Amino acid sequence: MQLFNFSIIVPMANESEDFVTFTNSLATVLDKLKCGTVYFIVDNVSKDNTLDLCNDLAKKDNRFKTLFCDKNRNVVDAYLAGYKAAYEAGHEIIIEMDAGMSHDPRAIPMFLRVLNEGNECAFGSRFINGGSINQSSFKRVFLSKFGTFLSNILLGTKMYDMTSGYQGFHSSIVKQILDYGLLSKAHFYQTEVRYLLRKKRYAEIPIHYRAPSPSVSQRAITNSLNVLFFYFMKRLSFSAKIID
């Protein structure tokens, strides 16, 4: 079995209910792969004992690391803090995913395989053959599908899923993301990243997504629309953005 110097970054907020199920599933995958490091990113949004649970697990299993980032302003800051820590630790492949079993850890080997086959980016997709959304409200499913349709039309992208999380990159791509300076503050973050990396070598991977949250805040929707139309206007003025 090929060993990978890879890491997984996971923002963690109020995850006590599913913590054991999620981390046991992660540990099982790491056991099978015989490699991998997980970075939990916790900040002040978390009001339960998630931080204590993360710290306790990190003490028992050195494959798990906890980062407490009390200066995070939003979820994008959490992702970027995780990317920065994993990049600086020298991991060659970095995968981001959500906690709470929204993203199935059993898909991790697929990300590693795709990233070992010449692709620079691996994007989780719920809307290709083999992908799905479960336990999600109609509103969340509609926003995801309509967001993908609108993004592809306005930004000129050609992905089946432009709004999903669960994605992986080689470290060189992560460095470019960290250096760029993203505009998103909430859910549009993944769309912005996929748009900026559209010219890279990438593959979409089928994922099964379970969304426990039935709603998206108005502030998140507003930020998403603002960033979307910023890049759309750049495209119309023939100054489309790209990470290269």
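User: Which strands does helix H4 lie across?

Analyst: Good place to start! In this predicted model, helix H4 (residues 108–115) lies across S1, S4, S5, S7 and S8. Its direction is at about 145° to that of S5.

User: What makes those strands part of a sheet, and in what order do they come?

Analyst: Two strands pair if at least two bridges are found between them. S1 (residues 6–12) and S2 (residues 37–42) are joined by 6 bridges, so they pass that test. The full order is S3-S2-S1-S4-S7-S5-S8, an open sheet of 7 strands.

User: Why are S3 and S8 called edge strands?

Analyst: Each has a single partner strand, so one side of S3 (64–68) and one side of S8 (202–206) is left without a neighbour in the sheet. From one strand to the next, the twist averages 20°.

User: How do you know that the pairing is mixed?

Analyst: Look at S4 (93–96) and its two partners. S1 and S4 run parallel, with 4 bridges, whereas S4 and S7 run antiparallel, also with 4 bridges. You can follow this at Ile 93: Phe 6 stands opposite Ile 93, and in S7 the bridge partner of Ile 93 is His 170.

User: Which way do the residues of S4 point?

Analyst: Ile 93 and Ile 95 point one way, Ile 94 and Glu 96 the other, and all of them are buried.

User: Why is Cys 35 called buried?

Analyst: Buried means under 20% relative accessible area. Cys 35 has 12%, so the word applies. Cys 69, at 15%, is therefore buried as well.

User: How do you know that Cys 69 is in no disulfide?

Analyst: Two cysteine sulfur atoms would have to be within 2.5 Å. For Cys 69 the nearest cysteine sulfur is that of Cys 54, 11 Å away, so the pair does not qualify. A search of the whole structure finds 0 disulfides.

User: How do you know that the length of helix H3 agrees with what is expected?

Analyst: Helix H3 (residues 75–88) has 14 residues, and at 1.5 Å a residue they should span 20 Å. The end C-alpha atoms are 20 Å apart, so the two values agree.

User: What is found at the start of H3 and just after it?

Analyst: At the start, a side-chain oxygen of Asn 74 comes to within 3.1 Å of the backbone nitrogen of Val 76. The cut-off for a polar contact is 3.5 Å, so this pair of atoms fits. Just after H3, Gly 90 has a positive phi of about 90°.

Methods:
Residues are numbered from 1 along each chain as its sequence is written. This is a predicted model: local features need pLDDT of at least 70, side-chain atom pairs count only at pLDDT 80 or more; totals for chains, interfaces and linings use all residues. Side-chain values use heavy atoms; hydrogens and water are left out. Buried means under 20% relative accessible area, exposed over 50%, partly exposed in between (1.4 Å probe, protein chains only). Helices (H or I, at least four residues) and strands (E, at least two) are DSSP runs, numbered from the N terminus. Axes are lines fitted to C-alpha atoms, for helices over the stretch in contact, and angles run from 0 to 180 degrees between N-to-C directions. Contact means heavy atoms within 4.5 Å. The expected span of a helix is 1.5 Å times one less than its number of residues. A polar contact is a pair of N or O atoms within 3.5 Å; within protein, one must be able to donate a hydrogen and the other to accept it, and residues adjacent in sequence count only if both atoms are side-chain atoms.
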